[in-house]
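The following report describes the fold of a single model, beginning with one loop residue and moving on to sheets and helices.

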Amino acid sequence: MKTFALVGRNISYSFSRRYFAEKFAHEQITDSEYVNFDIPTIEELPALIRTTPTLVGMNVTIPYKEAILPLLDEQSEELMTIKACNTIKVLPTGKLKGYNTDYIGFHDSLVLYLKPHHNKALILGTGGASKAVIFTLEQLGIPYILVSRKASAQAISYASLGEEIIKSHLLIINTTPLGTSPDTQAFPPIPYEFGTDKHLLYDLIYNPEKTVFLAKGEAQGATILNGYPMLALQAEASWEIWNSEK
């Protein structure tokens, strides 16, 4: 039996466990299981790894994508740049190699909807989830502005968003947890009234399917996309890494 796990905190709702259970059933994969490593602190992970000898791969979710980096023995080239890990392969030696497949999921889902006028982006949030988005936009050559609650050297504040910025940045990506179930009435405080039918709003959240952020964009005629395709694509990329011979 091969064991795969999701590392996180308060992850009983987890997309990953359900996704892989359905994948294993559909593809008749009978030698694998996917479990949750739901831990209050990242310091508890090494003991779990030691007591799970069948462990061959892990996904990592909030709040440990950055906190897990010191536990890794090796990092992929992309991870060295992104500095947020969501996939780990347990090597035959027992060493842990970290990867980021979030950027693959984000890139491959985003490009299906990009139009030539989506040439400037606003990234809402500056946490770990924003890092794969930043990496992807830089790969695609799309300049971006980071938006946070407080202005900093890296980001502007929500309070400074006005008509001009919204209308000149036709790609808006929410990387914050605002609007995630169960607090589904929350949303990033941007001036949605300046949205247009040329806008593309992408929410990394997948539960609920349509957040208030997306609904407000849709009301202005914008194209909207939730985080489910990104999650499915990054999960498949993780599966390929775990099962590759490299």
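## A loop residue after the first helix

Glu-27 is partly exposed, its relative accessible area being 42%. In this predicted model, Glu-27 belongs to the loop that lies between helix H1 and strand E2 (32–38). A distance of 39 Å separates the C-alpha atom of Glu-27 from that of Gly-221, and the two residues are 194 residues apart along the chain.

## The mixed sheet

One open sheet consists of six strands in the order E2-E1-E3-E5-E6-E4, with mixed pairing. Its edges are formed by E2 and strand E4 (74–75); each has a single partner strand, so one side of each is left without a neighbour in the sheet. H1 packs on this sheet and touches strand E1 (2–8), E2 and E3, and the direction of H1 makes about 175° with that of E2.

Within the sheet, strand E3 (residues 55–60) pairs with E5 in the antiparallel sense over three bridges. Met-58 is placed opposite Ile-88 in E5. The loop between strand E5 (87–90) and strand E6 (96–99) contains Pro-92. With a relative accessibility of 87%, Pro-92 counts as exposed, because the cut-off for that class is over 50%. The C-alpha atoms of Pro-92 and Lys-167 are separated by 52 Å, and these residues are 75 residues apart along the chain.

## The parallel sheet

A further open sheet, in the order E9-E8-E7-E10-E11-E12, is formed by six strands with parallel pairing. Strand E9 (155–157) and strand E12 (223–225) are the edge strands, each pairing on one side only. On average, neighbouring strands of this sheet are turned by 25° against each other, direction ignored.

Strand E7 (residues 121–124) pairs with two strands of this sheet. Four bridges join E7 to strand E8 (residues 144–148), and these strands run parallel; E7 also pairs in the parallel sense with strand E10 (residues 171–174), over four bridges. Ala-121 stands opposite Tyr-144 in E8 and opposite Leu-171 in E10. E8 in turn pairs with E9 in the parallel sense over three bridges, and here Val-147 stands opposite Ile-156 in E9.

## Burial of E7 and the helices around it

In a regular strand, side chains alternate between the two faces of the sheet. Both faces of E7 are covered: Ala-121 and Ile-123 are buried on one side, and Leu-122 and Leu-124 are buried on the other.

E7 is also part of a right-handed β-α-β unit, together with helix H5 (residues 128–140) and E8. Helix H7 (residues 212–219) lies across E7, E10, strand E11 (200–203) and E12, and runs at about 170° to E11.

## The contact between H1 and H8

Two packed helices are described by the angle between their axes and the distance between the axes. For helix H1 (residues 15–26) and helix H8 (residues 228–243), the angle is about 65° and the axes are 11 Å apart. The crossing of H1 past H8 is right-handed.

On the H1 side, the contact involves Phe-15, Tyr-19, Phe-20, Lys-23 and Phe-24, which meet Tyr-228, Leu-231, Ala-232, Gln-234, Ala-235, Glu-236, Trp-239 and Trp-242 in H8. By class, the residues of this contact of H1 with H8 comprise ten nonpolar, one polar and two charged.

Technical notes
Residues numbered from 1 in each chain as written. Predicted model: local features only at pLDDT ≥ 70, side-chain atom pairs only at ≥ 80, totals over all residues. Heavy atoms only, no water. Axes fitted to C-alpha atoms, helices over the stretch in contact; angles between N-to-C directions. Left-handed = near helix turned anticlockwise from the far one by under 90°. Contact = heavy atoms within 4.5 Å. Nonpolar A, V, L, I, M, F, W, Y, C, P; charged D, E, K, R; others polar. Buried < 20%, exposed > 50% of the residue type's maximum accessible area, 1.4 Å probe, protein only. Pairing = 2+ DSSP bridges. Right-handed = clockwise from strand over helix to strand, strands pointing away.
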